[in-house]
Amino acid sequence: MLPIQPERFLADLHKLREFGAAGVGKGVVRPAYSEADIAARRWLAGRMKDTGLSVHVDPVGSVFGLAEGRSLLVGSHSDSQPEGGWLDGALGVIAGLEVARASVEAGGPAVSVVSFEDEEGRFGVTTGSAVWSGTLALDKADGLTDRDGVTFGSARGLMPGRADSFVDPARFTGFLEMHIEQGPVLDREGEAIGVVDAIVGIRDMKITFTGEQNHAGTTPMPGRRDAFQALSQFNTLIAERFANVVTPRTVWTIGHVTLHPNASSIVPGRLTFSMQWRDGDADRLGRMETIIRETAEEVAKSGGFGLNFGPMLGLEPVDMDMRLRGALETAAETEVPGRWRAMPSGALHDATNVSKLMPVAMLFVPSIGGISHDFGEDTDEADLITGLRVLARAVQALG
Ligand code: HGY
Ligand code: MN
Ligand code: MN
């Protein structure tokens, strides 16, 4: 086993949590290109340099610690959701750093480390690795905006020390990402490790209904063009129409709604909302998109609303590489025999984009209560260390 040092690993994990600490539980607020994110990346770059890796901050702010010659890439992301947990992404980055240090101390195998930028999609969907993998052109990414209208292009300019060039993916033999499950299965089943077999696909777009802003007291109900009512109708209709298309694993979410002018005595004239859906089957995602577009058009037409579909972002479902996955499964059976399972990922990860460039595989540790994308996200330290041990075993076996 590589000479990993669990205490050093945990110390760095807790140190990273300090950047953007929310002051609520172990939560963090560290969105892409925020002061906390930039400071965290500067600290990570220093830890990579201390390990003897050469640091490369790419044009979008993803931070790589590069070993000499060809190497296995291990990492994840260190930016967070607007209200994030301390482990989402951070765990995979610090685990990668610890395995890289242990590999250097053991004289090999060569391990590089990465923290991708904007995996949490302040601007898009896994934006940093989507640009690196060619899924998303940089000039298209630069035009993406966050919910306050800030562009990706202007935000990434805040990241100091960015190189003009991207890292050549040919340097890497493959990519391993350790992550919290962010769901209830391992915690509920009392298991320690999940080895991912496939990552779901996703579609994400903004939709705007435009009605008529008017006085909430004097405007009779018949004939109102109330943009909120349009969304309410749309939401009910798609749930009915999805019934014979979806499976129990399919999910769809309206997570962000902007109501204009958002005042209690004004009939809202405009509403923009985020429409996101995920499934393991690309064809089902397509059928859901048809229902979404047709239902929005039907609601707009029948209620006299304007309708606008924003750009749709999406990633296809992806299977993990069998050789890398096998190394993780063998390592899990050695470390926690009978207390691990192969399982799909309902969450998106940078590994989806990186799979376009090289073989990838992922492993999960349990999330207490299945909570994530919430300040309350947490994992027992014993489970964090078990995950690190399984990762280190797999890295050594693949070496
Ligand atoms: O939304 C996701 O699945 C990822 O955590 N950003
Ligand atoms: Mn994540
Ligand atoms: Mn996340």
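Which residues are the protein donors of the manganese ion (ligand 3)? I should like to open with that question, noting at once that what we have before us is a predicted model. The donors are Asp88, through OD, Glu120, through two OE contacts, and His373, through NE2. They lie 2.1 to 2.5 Å from the ion. Along the sequence, the donor residues follow the spacing D-x31-E-x252-H. This site draws on distant parts of the chain, since aspartate 88 sits in the loop between β3 and α3 (90-106), while histidine 373 sits in the loop between β17 (360-365) and α12 (381-398), 285 residues apart. The two also differ in accessibility class: aspartate 88, at 5% relative accessibility, counts as buried, whereas histidine 373 is partly exposed, with a relative accessible area of 39%.

Let me turn to the neighbouring ion. Aspartate 88 bridges the manganese ion (ligand 3) and the manganese ion (ligand 2), and the two ions lie 3.4 Å apart. The manganese ion (ligand 2) is coordinated by His77 through NE2, Asp88 through OD and His179 through NE2, at 2.1 to 2.3 Å. The sequence spacing of these donor residues is H-x10-D-x90-H. Histidine 77 belongs to strand β3 (residues 71-77) and histidine 179 to strand β5 (residues 172-180), so the pair ties together parts that are 102 residues apart in sequence. Both histidine 77 and histidine 179 are buried.

I now move to the salt bridges. How many salt bridges does the count come to? The count comes to 24. I shall present three of them individually.

The first example pairs aspartate 12 with arginine 47, their closest N and O atoms being 3.0 Å apart. This pair links distant parts of the chain, with aspartate 12 in helix α1 and arginine 47 in helix α2 (residues 35-50), 35 residues apart. Aspartate 12 is buried, with a relative accessible area of 4%, while arginine 47, at 25% relative accessibility, counts as partly exposed. Aspartate 12 and arginine 47 also belong to a network of salt bridges that links Arg8, Asp12, Arg47, Asp50, Glu98, Arg101 and Glu105.

The next example is a salt bridge between arginine 41 and aspartate 37, where the closest N and O atoms are 2.8 Å apart. Both residues lie in helix α2, four residues apart, about one turn of the helix. Are these two partners buried or exposed? Arginine 41 counts as buried at 1% relative accessibility, and aspartate 37 counts as buried at 0%.

The last example joins arginine 325 to glutamate 329, with the closest N and O atoms 3.1 Å apart. These residues are separated by about one helical turn, because they are four residues apart in helix α10 (residues 322-335). Arginine 325 counts as buried at 15% relative accessibility, and glutamate 329 is partly exposed, with a relative accessible area of 21%. The cut-off that separates these two classes is 20% relative accessible area.

Charge also appears on the surface. Glu7, Asp187, Asp380 and Glu381 gather there in a patch of negative charge. One of them, glutamate 7, is found in helix α1 (residues 6-17). Glutamate 7 is exposed, with a relative accessible area of 60%.

I close with the backbone. Most residues other than glycine have a negative phi, and most peptide bonds are trans. Against that background, where does this model contain cis peptide bonds? One runs from glycine 108 to proline 109, with omega near 0°. Proline 109 lies in the loop between α3 and β4 (111-116). Another runs from histidine 260 to proline 261, again with omega near 0°. Proline 261 is found in the loop between β10 (257-260) and β11 (266-267).

As for phi, aspartate 118 has a value near 50°, which is positive in a residue other than glycine. Aspartate 118 is placed in the loop between β4 and α4 (127-132) and counts as buried at 0% relative accessibility. Threonine 126 likewise has a positive phi, near 45°. Threonine 126 is found in the loop between β4 and α4, and at 1% relative accessibility it counts as buried.

Definitions and conventions
Residues are numbered from 1 along each chain as its sequence is written. Chains are lettered from A and ligands numbered from 1 in the order in which they are written. This is a predicted model: local features need pLDDT of at least 70, side-chain atom pairs count only at pLDDT 80 or more; totals for chains, interfaces and linings use all residues. Side-chain values use heavy atoms; hydrogens and water are left out. Donors are N, O and S atoms within 2.8 Å of the metal (3.2 Å for Na, K and Ca); water is not among the atoms, so sites may look incomplete. Helices (H or I, at least four residues) and strands (E, at least two) are DSSP runs, numbered from the N terminus. Buried means under 20% relative accessible area, exposed over 50%, partly exposed in between (1.4 Å probe, protein chains only). Patches are made of residues with over 30% relative accessible area and no salt bridge: like charges are joined within 9 Å, nonpolar side chains (Val, Leu, Ile, Met, Phe, Trp, Tyr) within 5 Å. Accessible areas come from the Shrake-Rupley method with a 1.4 Å probe; for residues, only the protein chains shown count as cover. A salt bridge is a side-chain nitrogen of Lys or Arg within 4 Å of a carboxyl oxygen of Asp or Glu. Lys and Arg count as positive and Asp and Glu as negative; His and the chain ends are not counted. The place of a charge is taken as NZ of Lys, CZ of Arg, CG of Asp or CD of Glu.
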